[in-house]
Amino acid sequence: MTRLPLEGVRVLDVSQVMAGPYACMLLADLGADVIKVEPPGGGDQTRGAMGFKMKGPDSMGFLNMNRNKRSIALNLKSGAGRELLLRMVKDADILIENYRPGAMKRLGLGYEVLKELNPRLVYTSISGFGQTGPWADRPGFDLMAQAMSGVMSVTGYPDGLPVKAGVPVADIGCALFAVYGTLAAYIGAKATGQGQYIDASLFDSAMAFSVWDICDYWGTGKPPEPLGTANKMTAPYQAMACADGYFVMGANNQKLWLKLCGLIDRPGLAEDPRFLTISLRLANRPALVEELERSFHQHPKAYWVDTLLAAGIPAGPILTYPEAFESEHGKARAMRMEIDHPIEGKVPNIGFAVKLSGTPQQVRRHPPLLGEHTGELLAELGIGADERAKLEAQGAFTA
């Protein structure tokens with residue numbers, strides 16, 4: 001097997017649900033030794049999530065966010081459990097946690113304590129609203145972050161009910177930003193021997209996606225509004241109705257616009273004073289869509305996608321997730337893979353979103369059973385049977 005870029009890096013994953021576990025899985029896919037520290041009993045809350053059951057106790061969501069990790073069940077509310085974590089910290093490079101702000105500090109496991117044990121430790125905290133500010137103490141999930149960051153205000157259609165993005169943009173976005181900050185700090189620590197504290201939040205991450213919208217507001221003073229599938233920068237660039245449904249297309253510059261008018265045999269549209277420039281097309285978007293859909297209704301979506309693409313105009317069908325994953329391109333990009341699991345058998349997992357040519361990510365471990373590697377990890381700490389029994393009596397491994 002190819003030596004992976006993060007081989008030899010040890011990560012303590014003291015997180016649950018999505019943003020933290022997803023961030024740690026990305027590090028694990030790149031070779032890091034990720035130790036998932038879970039509360040005894042139920043473990044990560046996501047193990048019991050979703051509205052359907054698998055063969056075993058773990059949900060499909062958990063199985064898709066925790067591959068390549070080892071699991072230890074540790075009660076951090078017990079002194080013995082906390083002492084074990086402190087022993088693990090001494091040899092760790094990175095710790096990622098997503099407890100409520102201040103919770104780890106109250107347990108005696110905050111950054112100020114841990115950096116005394118291990119000055120090179122990179123300590124990343126993920127939370128709903130960050131570690132500082134008037135909203136810091138609020139519980140925060142993706143829905144709240146989308147609502148309070150502005151994302152929900154531009155999602156959906158004008159005058160419609162509030163709509164969240166269909167995917168957890170705040171959770172996944174925060175995971176990606178957390179990995180970016182964590183790896184930058186880890187590289188710095190390799191050079192200086194000094195780690196640092198990383199404060200990542202769903203709120204900040206969701207706001208970071210607002211580039212076009214907030215720049216529009218800063219430039220015009222007008223708060224952005226939802227546009228459905230349309231785009232505030234150019235038109236036509238959205239979903240269009242045709243003979244058998246909808247497809248998406250984008251004649252988003254003047255050259256493509258003129259080509260489109262010729263392609264649909266509507267040269268008069270190119271000369272229409274309402275549509276002469278991008279600015280005019282944006283100002284008259286409803287009329288523009290109405291005119292174009294008069295032509296698009298003459299043929300089905302497959303015809304238009306093929307015809308537009310052949311002319312060099314971006315277009316595509318609107319696929320369901322099953323259609324996307326089962327498409328020829330989805331298969332060619334290996335966006336579905338299967339992992340062997342001791343209870344579930346073959347488990348489908350989302351494939352690696354970024355492809356590395358020299359050190360491609362690898363699946364080395366199945367998503368762990370709760371506490372599956374407790375004995376293995378205790379042995380690595382030099383803890384024998386007698387000391388383990390003492391720790392068990394002190395509540396280190398029980399809820």
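I will walk through the parallel sheet of this predicted model, the helices that lie on it, and one buried aspartate.

A word on conventions: residues are numbered from 1 along each chain as its sequence is written, and side-chain values use heavy atoms, with hydrogens and water left out. Because the model is predicted, local features need pLDDT of at least 70 and side-chain atom pairs count only at pLDDT 80 or more, while totals for chains, interfaces and linings use all residues.

Let me begin with the sheet. It is open, has six strands in the order 3-2-1-4-5-6, and its pairing is parallel; strands here are DSSP runs of E of at least two residues, helices are runs of H or I of at least four, and both are numbered from the N terminus, while two strands pair if DSSP finds at least two bridges between them. At the edges are strand 3 (69–73) and strand 6 (197–201), each of which pairs on one side only. From one strand to the next the twist averages 20°, where axes are lines fitted to C-alpha atoms, for helices over the stretch in contact, and angles run from 0 to 180 degrees between N-to-C directions.

Now to strand 1, residues 10–14. Four of its five residues are buried, so this strand is largely enclosed by the rest of the structure; buried means under 20% relative accessible area, with a 1.4 Å probe and protein chains only. Strand 1 pairs in the parallel sense with strand 2 (residues 33–38) over four bridges, and there Arg 10 stands opposite Asp 33. Between these two strands the chain passes through helix 1 (residues 19–29), in a β-α-β crossover that is right-handed, that is, with the strands pointing away from the viewer, the path from the first strand over the helix to the second runs clockwise. Strand 1 is also joined by four bridges to strand 4 (residues 94–97), again in parallel, with Leu 12 opposite Leu 95.

What does helix 1 lie across? Helix 1 lies across strands 1, 2, 3, 4 and 5, running at about 165° to strand 1.

Finally, Asp 58, which is found in the loop between strand 2 and helix 2 (60–63). With 4% relative accessibility, Asp 58 counts as buried. Its side chain makes a polar contact with the side chain of Arg 47 at 2.8 Å, a polar contact being a pair of N or O atoms within 3.5 Å, of which, within protein, one must be able to donate a hydrogen and the other to accept it, and residues adjacent in sequence count only if both atoms are side-chain atoms. Leaving aside neighbours within four places in sequence, Asp 58 is in contact (heavy atoms within 4.5 Å) with Arg 47, Leu 63, Glu 344, Pro 368 and Leu 369.

Methods: Buried < 20%, exposed > 50% of the residue type's maximum accessible area, 1.4 Å probe, protein only.
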